[in-house]
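These notebook entries record what I looked up, beginning with open pockets and ending with single residues.

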Amino acid sequence: MNGVDIALVDWSRAQFALTAMYHWIFVPLTLGLSFIIAIMETIYVKTGDEEWKKITKFWMTLFGINFAIGVATGIILEFEFGTNWSNYSWFVGDIFGAPLAIEGIMAFFLESTFIAIMFFGWNKVSKKFHLASSWLVAIGSNLSALWILVANGWMQNPVGMVFNPETARNEMLDFWALLFSPTAINKFLHVISSGYVLAAVFVVGVSSWFLLKKRKIQFAQRSILVAAVFGLISSIYLILTGDESARQIYKVQPMKFASMEGLYEGEQNAPLVAIGIMKKAPTPENPKADEFAFKIEIPNFLSYMAALDPNAFVPGINDMINGNEQWGIMSYYDKIEKGKVAIGALRDFKEAKDKGNKTKADAALKDFKENYAYFGYGYYDDPHDLIPNVPITFYSFHIMVILGMHFMILFIVVLVFLYKDRLKNMRWLQYVALWTIPLVYLAQQAGWVVAELGRQPWVVQDLMPTLSAVSNIDKSSVIITFWLFALTFTVLLIAEIKIMLTQIVKESKNEGGQ
Amino acid sequence: MFENLSYLALQHYWWAIVALLGSLLVFLMFVQGGQTLIYVLGKSETERKVLVNALGRKWDLTFTTLVTFGGAAFASFPLFYATSFGGAYWVWMLILFAFIVQAVSYEYRSKANNFLGQRTYDVFLFVNGLLATVLLGTAVATFFTGSEFYVDPFNRSHWETPFGGLELAFNFGRGQTYLNLSLGLAVFFLARTLAILYFMNNVDDDTILGRARKKLPANAIPFVVFFLIFVIGILLSKGFAYDPVTRKVFMEPYKYLHNLIQMPVVGIIFLLGVVAVLFGIYRAWFHFDKCSRKAIWISGIGTILTVFGLFLMAGYNHTAFYPSVYDLQSSLTIENASSSKYTLIAMSYVSLLVPFVVAYIWYAWKSMNKTRITTKEMEEDDHAY
Ligand code: HEM
């Protein structure tokens with residue numbers, strides 16, 4: 001495969017995964033907590049009750065600690081496309097660079113300017129201006145999520161562009177198609193609401209610990225009230241947008257969809273595996289092997305989820321590899337053929353052009369255009385290299401969905417007992433709330449694993465596989481930076497957690513609250 | 001409105017935007033310069049706290065400018081982004097690590113139970129101040145002195161040394177290395193000089209300011225020396241020109257000097273900038289009582305103009321802004337490295353937001369900076385770093 005060093009590709013992927021996953025520990029809390037703080041401060045400004053100011057300030061302190069490490073882990077992602085994926089950066093930079101630049105101009109400056117007022121401006125600017133700053137921080141951080149998710153959405157579903165054979169890259173045709181692509185919009189809505197849910201769980205969980213310790217009861221209950229209402233609304237929205245995302249995937253990334261469900265043989269009236277344990281995957285030698293050791297199914301539901309139609313046909317992995325004439329599905333074998341034609345035609349076009357042979361160049365260009373949609377497949381010989389890791393995708397998806405239900409129910413239960421004024425004595429519920437904090441972080445990571453592992457080997461769906469995207473650098477350099485990142489980020493994470501826990505304990509013992 | 005511009009005009013416009021971001025970044029690196037002075041100017045815990053907090057309200061702005069510079073370079077000149085970042089891997093990685101550890105240091109240094117201890121975070125700040133200035137300066141110098149890479153017919157770039165860009169600062173067998181390092185050190189001392197001027201503006205404490213004033217010459221003079229070495233060096237050497245019709249790159253004697261003369265506006269911006277930088281330093285040094293608060297503005301604007309001029313010198317007037325000394329014809333120009341016309345137009349509309357952004361930053365800071373930082377404030381503020 002063009003002499004690409006697979007170990008280099010794997011280490012580069014590992015580094016990207018490592019840095020992105022670390023970054024994603026901190027971002028969702030920023031996305032959600034910024035709004036929760038803004039709401040709390042609004043209540044303070046409206047009521048003039050000093051207790052609300054204390055509440056606001058406490059969560060703001062935790063926000064600041066988390067924000068700093070979010071920034072630290074984020075800068076590398078802005079540059080990593082260049083340092084480690086430079087061929088990608090050229091191939092699609094004409095499209096992909098724009099959202100990144102807009103993110104900086106529109107969102108990061110907003111965030112960083114007003115965050116300083118949020119922290120240092122209490123006695124320097126008016127109450128109203130301060131409140132406005134808190135809202136602007138929330139809006140800024142969520143705007144930055146918009147642009148980076150537009151960029152990610154485009155990789156999953158490349159729209160609004162055309163390949164220019166002269167420059168050997170994709171060029172933007174329609175900015176609005178990029179911005180309003182249903183994949184991008186769904187991703188944005190799903191991701192920000194997931195951040196809101198995470199922050200809500202975080203606030204409810206930490207406050208429950210106050211209740212467990214019987215400290216600052218009113219402080220804790222007020223925090224829980226704001227967070228649980230915010231969390232409940234967000235979690236409903238989260239489930240709806242996740243569901244819509246699934247439908248998009250069915251349309252544009254059917255291989256990912258089949259992997260999420262561990263579906264090898266496609267069917268109509270496909271049942272949804274609600275809970276399952278995977279066994280051996282079917283192989284070419286043993287295609288009928290049963291992939292599940294255990295499963296609980298909901299009849300028809302997968303077809304319904306995919307197309308809102310219980311009779312819809314959901315293609316399985318084998319249908320895509322081998323093709324399925326009945327349902328008009330082209331096999332991966334054919335796609336690989338076409339991809340190779342496209343790659344060859346591009347080379348012929350360049351050569352003919354350099355030699356000034358226009359007829360030959362035109363013919364090559366025609367071939368190229370006809371087959372470009374399968375360009376990326378041409379890098380492979382064996383279709384089985386084009387299947388993502390099914391068990392990981394399957395489990396991640398199911399963990400995310402099941403936990404999503406759990407969060408929603410938790411918010412409802414907490415609100416009911418808060419309303420009945422019984423929450424403060426219910427130790428088991430306080431423990432559940434506390435221990436849900438790690439689960440919500442797990443759900444977040446699982447979400448990205450579905451989205452990113454589930455689309456392997458593509459960086460840009462169908463057009464560019466990871467192995468042709470990577471920078472031509474020495475593998476050992478990447479190995480060294482991988483371990484440097486692992487070490488640095490881990491040390492910083494430990495520092496962050498220690499500082500945060502210390503602040504939480506300190507606040508709980510702080511006199512003056514009730 | 002941007003639709004009516006030619007492709008070439010858009011490429012020039014975007015090079016100017018990248019230049020503007022780059023020059024703002026160099027100015028804002030007074031934060032980095034200041035980080036290397038915390039223990040020089042602050043002799044007690046409280047004094048250091050004052051200094052850290054004076055910088056701590058601006059560091060995010062520098063950081064964000066760097067990120068936006070990266071994003072804008074990606075969007076407008078993706079081939080440059082791919083070549084430089086993917087090629088000079090280790091230079092950029094070191095710069096990035098320096099910024100990673102900076103980002104947590106302000107927030108964590110004085111928090112209880114911070115795992116590494118306050119000293120470590122202060123060391124992080126110092127390391128950031130040193131590496132970021134020297135290496136970014138070195139990286140900018142390569143716009144004039146060239147790097148070793150090759151761009152293949154499919155526009156994929158290949159770096160031709162195994163050192164990932166470190167050779168640009170440490171290959172002492174090559175004359176250009178000394179020019180690169182001169183600019184690196186010039187930026188380092190400039191950042192420290194600007195930091196001193198910034199403290200004069202922002203800190204209200206006679207002991208600290210007394211020390212700052214004494215340290216001014218020790219930073220300003222090396223800055224001038226290294227800067228002159230670099231500028232004279234490039235003005236006298238051959239530059240990377242290209243033929244506007246055939247696009248062939250060739251070496252032209254005195255190219256950068258020619259650029260200054262053939263583009264008088266650029267020449268004037270550059271000279272005006274240099275004069276303003278020096279004038280600000282001079283006023284702060286010899287007319288401290290009257291001028292110390294204003295000096296940062298004079299020298300700061302001067303810095304922006306100077307660096308802006310340097311960038312335009314590197315990219316305009318048919319000059320290859322990212323030259324390859326390995327394969328001359330692989331050199332990047334604003335014409336062959338840019339995004340498509342459509343993208344440049346779309347991004348140009350986005351660039352209209354910039355004045356608006358500058359305005360609200362200005363407004364926000366004005367309302368925050370009504371009073372200067374004092375030791376007393378540090379003792380009372382519960383969110384002080
Ligand atoms: C409960 C029902 C849920 C459903 C049906 C659902 C569905 C999905 C789907 C289909 C994807 C893949 C999107 C893609 O690859 O383009 C996804 C991704 C993701 N999910 Fe969920 N999800 C649910 C709950 C959650 C929860 C509870 C969280 C976290 C608190 C979460 C966080 C994420 C994240 C961070 C991603 C990656 C970003 C993206 O691709 O949208 N999801 N989800």
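**Entry 1: the second largest pocket.** I began with the lining of the second largest pocket, which I found to divide into 23 nonpolar, eight polar and five charged residues. I worked throughout on a predicted model. For this pocket I noted a volume of about 1,000 Å³. I then looked up which of the 36 lining residues come closest to the centre, and recorded B:F27, B:L61, B:W297, B:I361 and B:W362. Both chains take part: I listed α3 of chain A, and α1 (7-28), α5, α10 (175-202), α15 (295-315) and α17 (353-368) of chain B, as each supplying at least two residues of the lining.

**Entry 2: the largest pocket.** I next turned to the largest pocket and noted a volume of about 1,400 Å³. Its lining comprises 50 residues, and I recorded A:F16, A:A20, A:H23, A:L77 and A:I148 as those nearest the centre. I asked which element gives the largest share of this lining. The entry I made is α1(A), with eleven residues. Among the elements that each supply at least two residues, I noted α2 (50-84), α3 (86-120), α4 (127-156) and α14 (427-453) of chain A, the strand β7 (458-460) of chain A, and α5 (59-76) of chain B. By class, I found 31 nonpolar, twelve polar and seven charged residues in the lining.

**Entry 3: cavities.** I then looked for enclosed space and found five cavities of 30 Å³ or more. The largest cavity has a volume of about 230 Å³. I counted 15 residues in the lining of the largest cavity, with A:L346, A:F375, A:Y379, B:F154 and B:R156 nearest its centre. I recorded α3 and α11 (332-354) of chain A as the elements that give two or more residues to this lining. The lining of the largest cavity divides into ten nonpolar, three polar and two charged residues.

**Entry 4: A:T113.** I selected A:T113, a residue of helix α3 of chain A. I asked whether A:T113 is buried or exposed. Its relative accessible area is 1%, so I entered A:T113 as buried, the cut-off being under 20%. Leaving out residues up to four places away in sequence, I found that A:T113 touches B:Y360, B:I361, B:A364 and B:W365. I also looked up A:I236, which lies 123 residues from A:T113 in sequence and 33 Å from A:T113 in space, C-alpha to C-alpha.

**Entry 5: B:N259.** I placed B:N259 in helix α12 (residues 255-262) of chain B. I read a relative accessible area of 0% for B:N259, which is therefore buried. I asked which side chain B:N259 joins through a polar contact of 2.8 Å. The partner I found is the side chain of B:N317. Beyond neighbours within four places in sequence, I noted that B:N259 is in contact with B:M313, B:Y316, B:N317 and B:T319.

**Entry 6: aromatic pairs.** My search of the whole structure returned 89 aromatic pairs over all chains. I examined A:F301 and A:Y304, whose ring centres are 6.2 Å apart and whose planes meet at 40°, so I entered the pair as tilted. Both residues lie in helix α9 (residues 301-307) of chain A, three residues apart, about one turn of the helix. I found A:F301 partly exposed, with a relative accessible area of 38%, and A:Y304 partly exposed, with 39%.

I then examined B:F2 and B:Y349, an edge-to-face pair with 5.1 Å centre to centre and 90° between the planes. B:F2 lies in the segment before α1 of chain B and B:Y349 in helix α16 (residues 341-351) of chain B, so this pair ties together parts 347 residues apart in sequence. I noted that B:F2 is buried, with a relative accessible area of 6%, whereas B:Y349 is partly exposed, with 33%.

Finally, I traced a cluster linked by ring pairs, in which I recorded A:F16, A:F79, A:F81, A:Y88 and A:F96 together with B:F74, B:Y81, B:F85 and B:W92. A:F16 had already appeared in my notes among the residues nearest the centre of the largest pocket.

Methods. Residues are numbered from 1 along each chain as its sequence is written. Chains are lettered from A and ligands numbered from 1 in the order in which they are written. This is a predicted model: local features need pLDDT of at least 70, side-chain atom pairs count only at pLDDT 80 or more; totals for chains, interfaces and linings use all residues. Side-chain values use heavy atoms; hydrogens and water are left out. On a 1 Å grid over the protein atoms alone, a cavity is a set of points where a 1.4 Å probe fits but cannot get out, and a pocket is an open set with protein on both sides within 12 Å along at least five of seven lines; lining residues have an atom within 4 Å of a point. Grid points are joined across faces, edges and corners, and a volume is the space filled by probe spheres set on the points. Helices (H or I, at least four residues) and strands (E, at least two) are DSSP runs, numbered from the N terminus. Ala, Val, Leu, Ile, Met, Phe, Trp, Tyr, Cys and Pro count as nonpolar, Asp, Glu, Lys and Arg as charged, and the others, Gly among them, as polar. Buried means under 20% relative accessible area, exposed over 50%, partly exposed in between (1.4 Å probe, protein chains only). A polar contact is a pair of N or O atoms within 3.5 Å; within protein, one must be able to donate a hydrogen and the other to accept it, and residues adjacent in sequence count only if both atoms are side-chain atoms. Contact means heavy atoms within 4.5 Å. Rings of Phe, Tyr and Trp (its six-membered ring) pair if their centres lie within 6.5 Å; planes under 30 degrees apart count as stacked, over 60 as edge-to-face and the rest as tilted.
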